[in-house]
Amino acid sequence: MPPAIAGPTINIDKDSFLWLGLYGRLDFTAQEASAPGGSWSKEFSEEEGRLLMYLQGMKLGEKGIVAYELDIDTQNGTPGGGPTNVKVLDNYIQFEFNDYAKFWVGRFVPPCDRASMTAPAYLYAFDYPIVSAWQIAYSNIRDNNAAFWGQVDGGQYKYYFALSNGRHDQVNQADNLKYWLRLQADFLDPEPGYYPSSSYDGAKKIASIGVSYSYQKDGAGNVGLAGPGVVTSKSFKEFAIDYRYEAPDNISGAGGKFDSEGAWYDYDIDHATDTSGYLLQGHGFFVNAGYAFPQKFGIGKLEPIVGFEQFWRSPTNNVGLQGKQQRFEVGLQYLIKGHDIRIDTYWYRLEQEAVGSTPSSGVNGIKALFVFYL
């Protein structure tokens with residue numbers, strides 16, 4: 001099923017329906033010393049606008065379905081009026097025979113860390129964690145996949161296995177595929193479905209832990225750095241463990257809701273100097289926490305959020321992808337229709353330690369967003 005059947009639904013027959021949805025992020029960003037003249041940069045932008053379509057075509061026995069999803073994404077071009085890009089974001093078909101045996105094939109997010117798998121509905125922070133965000137550089141986290149997955153006890157426990165293209169260029173001379181594995185356990189309410197949600201807005205109590213691993217032989221390396229035409233190939237390995245906690249405040253009795261999410265990552269490319277532009281050696285973590293107050297302020301509720309993350313990037317990476325990075329953020333979300341329609345404001349500080357002759361640096365930034373998911 002799609003993340004939420006909230007938009008218009010067209011019933012075709014008793015087993016078939018078509019659901020349409022919209023998703024968008026509009027923002028204003030200001031960052032210290034980032035304008036061409038060295039002052040604060042200031043920019044309004046439409047980050048994304050998505051048209052979502054989900055079609056359930058037929059039933060397979062008692063619990064199974066055949067379904068199809070197509071998501072179209074529009075993104076603005078260069079600042080100052082560049083062309084708008086329109087592209088297919090997700091395009092896949094689902095064969096789900098029962099809860100234990102589900103097979104998806106097409107273009108979608110492979111089974112990886114929770115922060116990336118909430119990409120269709122977005123995590124509730126203002127941006128992806130820097131320790132995970134570099135993956136967006138590879139086809140917006142998506143890939144062409146074939147995934148087998150299932151769930152036990154209505155989504156209390158879930159397991160995933162997938163094959164995808166991964167990196168397919170001169171480095172991968174044998175066209176080796178990429179392997180994905182994920183296991184997830186929920187210790188309070190279950191989370192049915194392939195994708196976890198970024199927030200349940202009090203409808204569920206969540207205490208989830210997930211572990212993911214991916215591997216691709218000859219999935220990292222470079223061409224020409226050791227000499228003209230010389231290919232250096234290394235294996236790529238990624239391990240992550242993530243959690244999410246979301247539950248009512250039973251401590252103070254104020255009636256609010258606690259939110260917390262985090263993960264630890266390790267990326268291994270055998271210390272190769274990779275030329276793909278998105279793979280690197282390193283490890284890091286992020287953690288964020290929020291508290292949603294129960295009182296209404298006008299048409300919405302308030303949820304303050306704090307977050308911190310660090311990413312230790314190996315000196316064997318390309319220049320510009322080395323040294324420790326860290327980011328601290330403080331935000332306030334105004335929840336108009338839960339996290340589906342909201343206004344976010346954030347202050348953040350991004351710091352980069354010294355690398356070689358380049359001194360350490362730090363910049364402050366402000367970001368305001370209007371997010372809607374209908």
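The chain has two helices and 17 strands. Its radius of gyration is 21 Å, close to the 21 Å that the globule rule gives for 374 residues, so the chain is as compact as a globular protein of that length. Keep in mind on this tour that the model is predicted.

**Whole chain**

Show the C-alpha trace and turn it along its principal axes: the span is about 65 × 50 × 45 Å. Switch to a surface, and the chain exposes about 16600 Å², with carbon and sulfur atoms supplying 63% of that area. Colour by burial next; 47% of the 374 residues count as buried. Contacts can be drawn too: of those between residues at least 6 apart in sequence, 58% join residues at least 24 apart. For charge, select the 31 positive and 43 negative positions; the mean positions of these two sets are 1 Å apart.

**Stop 1: Glu246**

Select Glu246, which is found in strand β11 (residues 231–248). Is this residue buried or exposed? Glu246 has 0% relative accessibility, and because the cut-off for buried is under 20%, Glu246 counts as buried.

Now look at what the side chain of Glu246 reaches. A polar atom of this side chain lies 2.9 Å from the backbone nitrogen of Tyr200. The side chain of Glu246 also reaches the backbone nitrogen of Asp201, at 3.0 Å. Display the neighbours of Glu246, leaving aside residues up to four places away in sequence: Glu246 touches Ser199, Tyr200, Asp201, Gly202, Lys204, Lys205 and Ile206, and also Lys257, Phe258 and Asp259.

**Stop 2: Asp201**

Move from Glu246 to Asp201, whose backbone nitrogen is one of the atoms just visited. Asp201 is found in the loop between β9 (178–186) and β10. Its relative accessible area is 33%, so Asp201 is partly exposed. Check the backbone here: phi of Asp201 is near 50 degrees, a positive value in a residue other than glycine. Most residues other than glycine have a negative phi.

**Stop 3: Asp218**

Where does Asp218 sit? Its place is in strand β10. Asp218 is not a glycine, yet has a positive phi of about 60 degrees. With a relative accessible area of 16%, Asp218 is buried.

**Stop 4: Ser208**

Stay in strand β10 (residues 206–223) and select Ser208. Ser208 counts as buried, at 3% relative accessibility. Which side chain makes a polar contact with that of Ser208? The partner is Arg114, and the contact is 3.4 Å. Expand the selection to residues that touch Ser208, not counting those up to four places away in sequence. The set holds Arg114, Gln184, Ala185, Asp186, Glu191, Asp242, Tyr243 and Arg244.

**Stop 5: Tyr128**

Finish at Tyr128, in the loop between α1 (114–117) and α2 (130–133). Tyr128 has a relative accessible area of 5% and is buried. How far apart are Tyr128 and Ser233, C-alpha to C-alpha? Draw a distance between their C-alpha atoms: Tyr128 and Ser233 are 29 Å apart in space and 105 residues apart in sequence.

Notes: Residues numbered from 1 in each chain as written. Predicted model: local features only at pLDDT ≥ 70, side-chain atom pairs only at ≥ 80, totals over all residues. Heavy atoms only, no water. Helix = DSSP H or I, 4+ residues; strand = E, 2+ residues; numbered from the N terminus. Rg over C-alpha atoms; globule rule 2.2 N^0.38 Å. Buried < 20%, exposed > 50% of the residue type's maximum accessible area, 1.4 Å probe, protein only. Contact = heavy atoms within 4.5 Å. Areas by Shrake-Rupley, 256 points an atom, 1.4 Å probe, with all protein chains shown as cover. Lys, Arg positive; Asp, Glu negative; His and termini not counted. Charge placed at Lys NZ, Arg CZ, Asp CG, Glu CD. Polar contact = N/O pair within 3.5 Å; in protein donor to acceptor, adjacent residues only side chain to side chain.
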